[in-house]
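Morning, everyone. I have one model to walk through, and I'll keep it short. Here it is.

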Amino acid sequence: MRIVVDLNRCQGYAQCVYLAHEVFRLSGQEALTYEPNPDDERRLQVERAAVACPVHAIVIDRLEGAERGGAS
Ligand code: SF4
């Protein structure tokens with residue numbers, strides 16, 4: 001699966017880190033880093049994190065329908 005976090009929206013609330021700490025990490029107070037291609041077995045965690053994000057910064061699989069251009 002693929003995820004994208006809009007880091008311009010992210011406010012460092014860390015809800016995603018609590019819910020999927022293998023995927024999302026906060027370094028420092030507001031610097032979020034994340035695994036953009038987590039295993040599918042993490043899907044439920046990631047979906048919960050996306051729902052919990054107060055600013056809806058986490059987008060799941062947004063790229064899947066847009067890959068025809070070859071930019072995988
Ligand atoms: S829950 Fe949303 S705002 Fe908070 S750190 Fe994660 S992506 Fe950023």
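Start with confidence. In this predicted model, α2 has the highest mean pLDDT among the elements of the protein chain, 97, and β2 the lowest, 93. pLDDT is the predictor's confidence in each residue, from 0 to 100. Helices (H or I, at least four residues) and strands (E, at least two) are DSSP runs, numbered from the N terminus. Over the protein chain, pLDDT averages 88, and 86% of the residues score at least 70.

Ground rules, quickly. Residues are numbered from 1 along each chain as its sequence is written, and side-chain values use heavy atoms, with hydrogens and water left out. Because the model is predicted, local features need pLDDT of at least 70 and side-chain atom pairs count only at pLDDT 80 or more, while totals for chains, interfaces and linings use all residues.

Now the strands. β2 (residues 24–27) and β3 run antiparallel, joined by four bridges. Two strands pair if DSSP finds at least two bridges between them. L26 has L32 in β3 as its bridge partner. The two strands, β2 and β3, make a hairpin with three residues between them. In the turn, G28 has a positive phi of about 80°.

Next, the core. Which residues touch the most other members of the largest nonpolar core? They are V5, C16, F24, L32 and I58, out of 17 residues. The elements giving two or more residues to this core are β1 (3–5), α1 (15–19) and α2 (43–52). α2 supplies the largest share, three residues. A nonpolar core here is a set of buried Ala, Val, Leu, Ile, Met, Phe, Trp, Tyr and Cys residues joined through side-chain atoms within 4.5 Å. Buried means under 20% relative accessible area, exposed over 50%, partly exposed in between (1.4 Å probe, protein chains only).

Look at L32. Leaving aside residues up to four places away in sequence, L32 touches V5, L7, C10, C16, V17, F24, R25 and L26. Contact means heavy atoms within 4.5 Å.

T33 also sits in β3 (residues 31–34). Is T33 buried or partly exposed? Its relative accessible area is 34%, so T33 is partly exposed. With the same sequence exclusion, T33 touches V23, F24, R25 and S27. T33 and V5 are 28 residues apart in sequence, yet 9.0 Å apart in space, C-alpha to C-alpha.

Last, cysteines. C10 counts as buried at 18% relative accessibility, and C53 at 11%. How many disulfides (cysteine sulfur pairs within 2.5 Å) are there? The count is zero.

Definitions and conventions
Disulfide = S-S within 2.5 Å.
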